[in-house]
Amino acid sequence: MKSLFRCPVCNAPLMREERVCRCGAGHSYDIAKEGYTYLLPPNQKHSAAPGDDRGMAAARRDFLSKGYYTPLLNTLCSQILSRSGDFPMILDAGCGEGTYTAGIYQALTAAGKSPRMAGTDISKFSLRIAAKREKGIEWAVASSFHLPVADGAADILLNCFSPLALEEFCRVLKPGGIFLYVVPGADHLWELKQVLYDRPYPNEEKETPYEGFTYADIVPVEGSITLSCQTDIHALFQMTPYYWKTPQTGAERLAALDTLTTRISFRIHIFQKT
């Protein structure tokens, strides 16, 4: 079967066999038992195990599996359903542990569409979880700045809280293709930040025009969640950037809580490739 991915060494098409992906030049890449392919060459790695570590990947899985961010998933599904044809090729660049990727794929198939879908992330720990979620999606460990995808292959590209690799996103999208970029709103997790920091500040919100794209819309997602156990509170903390830059006193205050109610706020910036 022809893969959605390209060879990261020579850019030739990959054929997907039972346990390996192989290009015509003879480069081959094992398919892990979980179902993902490792397409990150050594010269694209900045550490031995880049991206989210095992603990962060597990924290995202545990937190998101309880539906706390379902309003965001539902909005993404609605937007993509309304903007896709019957046979869309969709790429989730920086897919993490695959919650949104799998949810979108399942919503499209439930609506009678026949998507071809791929998810990439630089973290092998995240891909191990993602590949178990949905076997109808192709998954690969790869850099968003060197996507193993052909020029103009994707109808829709999703980037959710992941590095912004604009040149690559523009390259892999078809003319007229849709790019959905998810960022936190100003008050996202405000009450969590009030516990962690003495002087929290809101996230910056801005509209930034990007070369090669035109704005189609900015869709807000707002809500409130209540975490009723320390396990969920810690999982949320561990999957945020605050985990690495919070003073010890703030982390101790959070660890003492048994419940936390906090706002969630997202902005989906939707662009069209010109």
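## Helix α4 and its surroundings

In this predicted model, helix α4 covers residues 124-133, and its buried residues are Phe125, Ser126, Leu127, Ile129, Ala130 and Ala131. The elements that cover these buried residues include the strands β5 (36-38), β7 (116-121) and β8 (138-141), together with helix α1 (54-64).

The N-terminal end of α4 is capped by Ser123. A side-chain oxygen of Ser123 lies 3.3 Å from the backbone nitrogen of Phe125, and Phe125 is itself one of the buried residues of the helix.

## The nonpolar cores

In soluble globular proteins, nonpolar side chains tend to be buried together. Here the largest nonpolar core has 52 residues. Which residues have the most contacts inside this core? They are Phe63 and Tyr69. A second core, separate from the largest, has 30 residues, among them Ala154, Leu173, Tyr181 and Val183.

Tyr69 also shows how residues separated in sequence can come together. Leaving aside neighbours within four places in sequence, Tyr69 is in contact with Phe63, Leu64, Tyr100, His188, Leu189, Ile225, Leu236, Met239, Ile264 and Phe266.

## Gln79 in helix α2

Helix α2 spans residues 70-83 and contains Gln79. Is Gln79 buried or exposed? Its relative accessibility is 14%, so Gln79 counts as buried, the cut-off being under 20%.

The side chain of Gln79 makes a polar contact of 3.1 Å with the side chain of Arg83. Beyond the neighbours within four places in sequence, Gln79 is in contact with Leu180, Val219 and Ile270.

## Cysteines

How many disulfides are found in the whole structure? The search finds zero. For Cys10, the nearest cysteine sulfur is that of Cys7, 3.7 Å away. A disulfide requires the two sulfur atoms to be within 2.5 Å, so Cys10 is in no disulfide.

Cys10 has a relative accessibility of 36% and therefore counts as partly exposed. Cys229 is also partly exposed, with a relative accessible area of 25%.

## The second largest pocket

The second largest pocket holds about 220 Å³ of space. It is lined by 15 residues, and the closest to its centre are Arg16, Lys135, Gly136, Ile137 and Glu138.

Strands β7 and β8 each supply at least two residues of this lining. Both strands are also among the elements that cover the buried residues of α4.

Note on methods. Residues are numbered from 1 along each chain as its sequence is written. This is a predicted model: local features need pLDDT of at least 70, side-chain atom pairs count only at pLDDT 80 or more; totals for chains, interfaces and linings use all residues. Side-chain values use heavy atoms; hydrogens and water are left out. Buried means under 20% relative accessible area, exposed over 50%, partly exposed in between (1.4 Å probe, protein chains only). Helices (H or I, at least four residues) and strands (E, at least two) are DSSP runs, numbered from the N terminus. Contact means heavy atoms within 4.5 Å. A polar contact is a pair of N or O atoms within 3.5 Å; within protein, one must be able to donate a hydrogen and the other to accept it, and residues adjacent in sequence count only if both atoms are side-chain atoms. A nonpolar core is a set of buried Ala, Val, Leu, Ile, Met, Phe, Trp, Tyr and Cys residues joined through side-chain atoms within 4.5 Å. On a 1 Å grid over the protein atoms alone, a cavity is a set of points where a 1.4 Å probe fits but cannot get out, and a pocket is an open set with protein on both sides within 12 Å along at least five of seven lines; lining residues have an atom within 4 Å of a point. Grid points are joined across faces, edges and corners, and a volume is the space filled by probe spheres set on the points.
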